[in-house]
Amino acid sequence: MVGADGIEPLSAARPEDEDDCGILHIDMDAFFASVEELEHPEVRGGPVIVGGTGPRGVVSSANYLARTFGVHSAMPMVRALRLCPDAVVFPPDGAAYRQVSEAVMDVFRSVTPEVEPLSLDEAFLDVSGARRRLGGAVRIAEHIRGRVRAEQRLTCSVGIASTKFTAKLASTRCKPDGLLLVPTRNVTPFLEPMPVGALAGVGEKTERSLARLGLRTVGDVARVPRDTLRAELGRALGEQLADLSRGRDPRPVVPTSPDKSIGAEETFPSDVDDPAAIRRELLRLSEKTARRLRASGQVGRTVVVKLRRADFTTVTRSRTLPDPTDVARDISAVARDLYAAAGMDRVRLRLVGVRIEGVMPASEAHHQPTLDEPERGWREAERVMDAVAERFGSGALRPASLAEPRDDEE
């Protein structure tokens, strides 16, 4: 049953409701603040604000606890701290946010190449072409949410609909850490009660113009003749609002070129200085990176290792391979060599990462085989592992060195 707000429980959705709902809008939850909480776990459980701290500083992001005090983005920092004096404030760390954003977008692109980023923390995806491989849109959304949570320890909210406009409103409605499908049959009751400000293109001036016509909800706008809207707002905006208020949005998802690197990283629950444990983690991250490369149909040439000390200083080392690869064995061998060459044996590390740069489509890569290279080797073996993981889960088959020891083996 559809509620008064036009939202139907996901459990009540029919299988056919997903048939034409191939567009996802994914929005990371309090992204900047969430990244800071990962980097500074001691602040978890309290209000966190990201933004400038000078006299003209403004809020860039606030976690959900800070928002309960009335703090929101674009608010002057002075006012935010009056509302929430106990908040911990961090200056924006653009490099850290971009790095996490790249990892999240890699997850999206491993599902579909049809990804249109809107900013560091949100994107549209068209998953129509991924359904045969991964299932319906809801299942794909849950898959993405699970990977983002497992790999980046962050949450995101996902709206699913047949249009970009409705999908974006749906993700906003289900925040934080939610998922909302708006079937085409429910678009009208979903949109009608919303304020006119929910319509793209409606700012303060346009809102005042609509209020003069007695139009305060999206449903009010939908019931007005197009000619009236065109006469009041101009032809282009009038047409746009007439379409959006009726749930019509022909805009396709327009993919942008993917970043030229793919990788993964891990922040340890506590600092680690055991070289064996660090090498094991580098192997696991190499496996994850190679899997992402193969899922996206790409290979890369330059292996980059990121090592962050307990004092937050970060060291990166890289090496370019003779041939592009998507094989974890090749990547992990270089990653471990780079760690050894960094001279950080017994240095306490809080984070390690592995990335492949110089990424290109596998179809465009040239590989020169050696005389002793077998016809079928590690690449084929790892593709078998991919197939097993897709069917039975990522932990079903993995290298022996990553297997957990049995009690009688400890």
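Q: Let's begin with the strands. How many bridges join strand β9 to β12, and which way do the two run?
A: Eight bridges join β9 (residues 261-272) to β12, and the two strands run antiparallel. One pairing to look for is Thr-267, whose bridge partner in β12 is Leu-351. Keep in mind as we go that this is a predicted model.

Q: Which strand does β10 pair with?
A: Strand β10 (residues 298-309) is joined to β12 by eight bridges, and this pair is antiparallel. Here Arg-308 stands opposite Leu-351 in β12. Leu-351 is thus a handy place to start, with Thr-267 as a bridge partner and Arg-308 standing opposite.

Q: Is β12 largely enclosed or open, and why?
A: A general idea helps first: in a regular strand, side chains alternate between the two faces of the sheet. In this structure, eight of the nine residues of β12 (residues 349-357) are buried, so the strand is largely enclosed by the rest of the structure.

Q: How do I read a single residue, say Ser-332: is it buried or exposed?
A: Look at the relative accessible area; under 20% is called buried. Ser-332, which lies in helix α14 (residues 328-341), has a value of 2%, so Ser-332 is buried. Leaving out residues up to four places away in sequence, Ser-332 touches Leu-283 and Ser-286.

Q: And Pro-193, where is it found?
A: Pro-193 sits in the loop between α8 (187-191) and α9 (204-212). With a relative accessible area of 45%, Pro-193 is partly exposed. Pro-193 and Arg-216 are 23 residues apart in sequence, and their C-alpha atoms are 9.2 Å apart in space.

Q: How can I check the length of a helix such as α6?
A: Compare its span with the expected one. Helix α6 (residues 137-152) has 16 residues and reaches 22 Å from its first C-alpha to its last, close to the 22 Å expected at 1.5 Å a residue. Its buried residues include Val-138, Ile-140, Ile-144, Arg-145 and Val-148. Just after α6, Arg-153 takes a positive phi of about 55°.

Q: Which elements have the highest and the lowest mean pLDDT?
A: Start with the whole chain: the mean pLDDT is 85, and 84% of the residues reach 70 or more. Among the elements, strand β1 (residues 23-28) has the highest mean, 97, and helix α15 (residues 378-392) the lowest, 54.

Q: Where does pLDDT stay under 50?
A: That is the case over residues 403-410, for which the model has five contacts beyond four places in sequence.

How values were computed:
Residues numbered from 1 in each chain as written. Predicted model: local features only at pLDDT ≥ 70, side-chain atom pairs only at ≥ 80, totals over all residues. Heavy atoms only, no water. Helix = DSSP H or I, 4+ residues; strand = E, 2+ residues; numbered from the N terminus. Expected span 1.5 Å × (residues − 1). Buried < 20%, exposed > 50% of the residue type's maximum accessible area, 1.4 Å probe, protein only. pLDDT = per-residue confidence, 0-100. Contact = heavy atoms within 4.5 Å. Pairing = 2+ DSSP bridges.
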